[in-house]
Amino acid sequence: MEKTLTKITTVEAICFMIISTLDRTILNLPQPILSLCGSSSLLNISFISLISFIFTLIILKLYKNFTNYDIVDISEFVGGKLLKRVVAIIICIYLIAFSSFLIRNFADVINCLYYNETTIIFLISFFIITAFISNLFGDTAIFRVNTVISIIMIISLVITSLSVIPNIVWQRIFPIFGKGINATFIAGLKNITSFNGLILVYFVCPFLSDKKDF
């Protein structure tokens with residue numbers, strides 16, 4: 001089975017996970033965080049980033065003895081065929097629902113900003129057809145194009161961020177707890193979903209050309 005898998009480099013794997021997070025980060029994540037946390041937004045971002053980092057370290061530790069398997073294979077090892085089917089179904093439902101949400105949200109943004117006279121169904125269909133055609137070229141082409149796009153997006157974000165630094169008023173981070181500790185650390189914990197692209201960690205290991213880089 002492993003011989004049939006497309007092998008990817010570490011950079012391609014990293015970009016594969018980054019791209020699943022960047023779109024949401026750019027389009028609709030900043031506004032909800034600012035609305036919920038106010039001036040403590042930076043503190044909230046640091047908090048959820050730290051939790052996500054710790055969670056990722058735990059995943060890597062648990063995966064240490066399963067470097068050739070994805071989460072579905074591990075489920076079969078732990079609980080047999082039944083658990084494997086349950087986990088596979090849950091993951092499929094989640095990925096389909098999440099992808100549908102992202103496509104609809106992205107189409108809404110494009111529709112509002114640029115093509116407000118175009119029906120939303122047309123824009124959604126365009127993205128779905130594009131994804132379908134892309135898959136016809138195979139996994140290797142998708143991973144390589146994804147790597148190029150990810151790098152371009154990261155460079156664009158860095159340039160954009162640097163360009164707005166002169167307009168930043170640092171005093172606006174005070175009060176440091178913004179709308180309160182509850183909003184920053186408890187209610188704000190839901191912002192950790194911005195790292196849901198980390199779910200790909202559960203699948204990427206068997207594809208790595210060099211397992212020790214996992």
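Q: Is Phe98 buried or exposed, and how do I read that?

A: Start with the general idea: a residue is called buried under 20% relative accessible area, exposed over 50%, and partly exposed in between, using a 1.4 Å probe and protein chains only. Phe98 has a relative accessible area of 16%, so Phe98 is buried. Keep in mind that this is a predicted model, in which local features need pLDDT of at least 70, side-chain atom pairs count only at pLDDT 80 or more, and totals for chains, interfaces and linings use all residues. Residues are numbered from 1 along each chain as its sequence is written, and side-chain values use heavy atoms, with hydrogens and water left out.

Q: Where does Phe98 sit along the chain?

A: Helices are DSSP runs (H or I) of at least four residues, strands are runs (E) of at least two, and both are numbered from the N terminus. Phe98 belongs to helix α4, which covers residues 71-113. Now look across the fold: Asn196 is 98 residues from Phe98 in sequence, and their C-alpha atoms are 9.5 Å apart in space.

Q: How many helices and strands does the protein chain have?

A: The protein chain has eight helices and zero strands. Reading from the N terminus, the order is α-α-α-α-α-α-α-α. The C-alpha trace spans about 55 × 45 × 30 Å along its principal axes.

Q: What share of the 214 residues is buried?

A: Buried residues account for 28% of the 214 residues in the protein chain. For the outside, accessible areas come from the Shrake-Rupley method with a 1.4 Å probe, and for residues only the protein chains shown count as cover. The accessible surface of the chain is about 14,100 Å², with 73% of that surface belonging to carbon and sulfur atoms.

Q: How many salt bridges are there in the whole structure?

A: A salt bridge is a side-chain nitrogen of Lys or Arg within 4 Å of a carboxyl oxygen of Asp or Glu. The whole structure has five salt bridges. One of them joins Lys81 and Glu76, at 3.1 Å from N to O. Glu76 also bridges to Lys84, with the closest N and O atoms 3.3 Å apart. Together, Glu76, Lys81 and Lys84 are linked in a network. Glu76 is partly exposed at 26% relative accessible area, and Lys84 is partly exposed at 24%.

Q: How exposed are the partners in the salt bridge between Asp210 and Lys212?

A: In this pair, the closest N and O atoms are 3.5 Å apart. Asp210 counts as partly exposed at 30% relative accessibility, whereas Lys212 is exposed at 69%.

Q: How many aromatic pairs does the structure hold?

A: Rings of Phe, Tyr and Trp (its six-membered ring) pair if their centres lie within 6.5 Å; planes under 30 degrees apart are stacked, over 60 are edge-to-face, and the rest are tilted. The structure holds eleven aromatic pairs. Take Phe66 and Phe77: their rings are 5.5 Å apart centre to centre with 65 degrees between the planes, which is edge-to-face. Phe66 lies in the loop between α3 (41-62) and α4, and Phe77 lies in helix α4, so the pair ties together parts that are eleven residues apart in sequence. Phe66 is buried at 19% relative accessible area, while Phe77 counts as exposed at 63%.

Q: What would a tilted pair look like?

A: Try Tyr114 and Tyr115, whose rings are 6.4 Å apart centre to centre with 55 degrees between the planes. Tyr114 counts as exposed at 58% relative accessibility, and Tyr115 as partly exposed at 46%.

Q: What does Thr6 touch?

A: Contact means heavy atoms within 4.5 Å. Leaving out residues up to four places away in sequence, Thr6 touches Asp139, Thr140, Phe143 and Phe207. Thr6 is in the segment before α1 (10-27) and counts as buried at 16% relative accessibility. Two of the names in that list come back elsewhere: Phe143 and Phe207 form one aromatic cluster with Phe16.

Q: Among contacts between residues at least 6 apart in sequence, what share joins residues at least 24 apart?

A: In the protein chain, that share is 77%.
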